[in-house]
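Reader: Hi! I'm in my first year and still learning how to read these pictures. Could you pick one small part and take me through it slowly?

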Amino acid sequence: MLLSETVNLLFSLLFMLSIGHGTTKDVKALCSTCKQITENFNKGFERTANKNFGGGNTAWEERKLSKYETSEIRLVEIVEGLCDSSNFECNHMVEEHEEHFETWWFKRKAKYPDLHHWFCIETIKVCCPKGTFGPDCNSCVGGSERPCHGNGRCDGDGTRGGNGKCSCDGGYEGEFCLDCAERYFSEERNDTFSLCKECHPSCTKCSGGTAQDCEECKDGWEEDQEGSCIDIDECSKDPPPCDNAEYCLNTDGSYSCSGSCALHFATAMTESKIWYSIVRESSSSPAPFFPQCATAGVQAARVPGRVIARLAPRVMLTRRAPAKAYVNECEQTEAVCTQEHQECVNTRGSYKCQCASGFGEQEGLCVQQPEADDSQEQPESDAEVPNAAQQLAEHDDL
């Protein structure tokens, strides 16, 4: 045996030993690097598809130098762009196997057009076909066509590493990824196929997708008389779950405590434009009413024209008139009174358009009025708005 052949054989043995004794991560990394190289080669092949020698006389150059399409010059241009300069693993693999690219380019490309399969799998043997794993490229659980029966990922899939075990997708479990996980139910199943769907949010276990299919209700839910799991309204419990200075917001299967029920509640208004306040008996200033406030006082439901509330000790509900309208239409970005010499006047729960000072309405238009003599009586002012304090004395029968 020639010395050069002995050296090449020794290097090949050392390379295979490094694969055999390397960690799974190292073996997978080699395959990943090789895959990236072949992908970049294909990109370079497409990038140079419409190029030529660039000498100005393409016909002469191709007669004398062969076609650029299959030339060594094109191969060199592609190979030079395979790796970033900072990627040591990539550059090392290209330099180590550069002769294989030449062999494929000039002798194997027509018969083996898939460079990744020829180079990474069959030649330097750092990868396996999809659906196989390990040094011998064994089939994954479930077969190479549908690893893990299509419901998971095979460890080492496509590489010379891994153990072939399945990591199941969400909703599936078991060695073969055919079983349904907790809070999922089986829609369809046979020896090689399984379709699992998620239970209703109220279920821990179920046989179907609705709240009536629950075999066991999840925490925060309870079974009603019809056998369905329904949400538990924790905020309506006595005593309520939140601190005395917080409001309770019920959610599906749970609740949250936040804010303050002491003095600064968000203002609420019913459909009949009546405003309500929570007033502590120990406080002299009323606080705006927050409709979800449950612990220090209030569990409320808004219905047309009324507010139904349940109050905690030392808290009472009063009705009051607002100092100004809930929404001031006159301050909106787009003008609501659009006629000439017209101005907007805000009212409780609405607004009105009237002619500006010095103008009077005639046939729907604001027309300038002559100045009045001093001797003429001044018109009486508009009737005063009823005192808001008078309305504080009014109470609804709650």
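Author: Let's go with Val345, which sits in strand E20, a stretch running over residues 342–347. Keep in mind that what you're looking at is a predicted model. So is Val345 tucked away or out in the open? Its relative accessible area is 24%, and buried would mean under 20% while exposed would mean over 50%, so Val345 counts as partly exposed.

Now for its company. Leaving out residues up to four places away in sequence, Val345 touches Cys330, Tyr351, Lys352 and Gln354. Try finding Asn328 as well: along the sequence, Asn328 and Val345 are 17 residues apart, and in space their C-alpha atoms are separated by 9.2 Å.

For another element, hop over to helix H4, which covers residues 72–80. Its buried residues are Arg74, Leu75, Ile78 and Val79. Look down the axis of H4 and you'll see those buried residues fall within an arc of 130°, so they line one face of the helix.

Zooming out, strand E20 and helix H4 belong to a protein chain with 8 helices and 23 strands. That chain has 398 residues, and 31% of them are buried. Its accessible surface is about 25,900 Å², with 48% of that belonging to carbon and sulfur atoms. As for contacts, take those between residues at least 6 apart in sequence: 38% of them join residues at least 24 apart.

How values were computed:
Residues numbered from 1 in each chain as written. Predicted model: local features only at pLDDT ≥ 70, side-chain atom pairs only at ≥ 80, totals over all residues. Heavy atoms only, no water. Helix = DSSP H or I, 4+ residues; strand = E, 2+ residues; numbered from the N terminus. Buried < 20%, exposed > 50% of the residue type's maximum accessible area, 1.4 Å probe, protein only. Contact = heavy atoms within 4.5 Å. Arc of directions from axis to C-beta. Areas by Shrake-Rupley, 256 points an atom, 1.4 Å probe, with all protein chains shown as cover.
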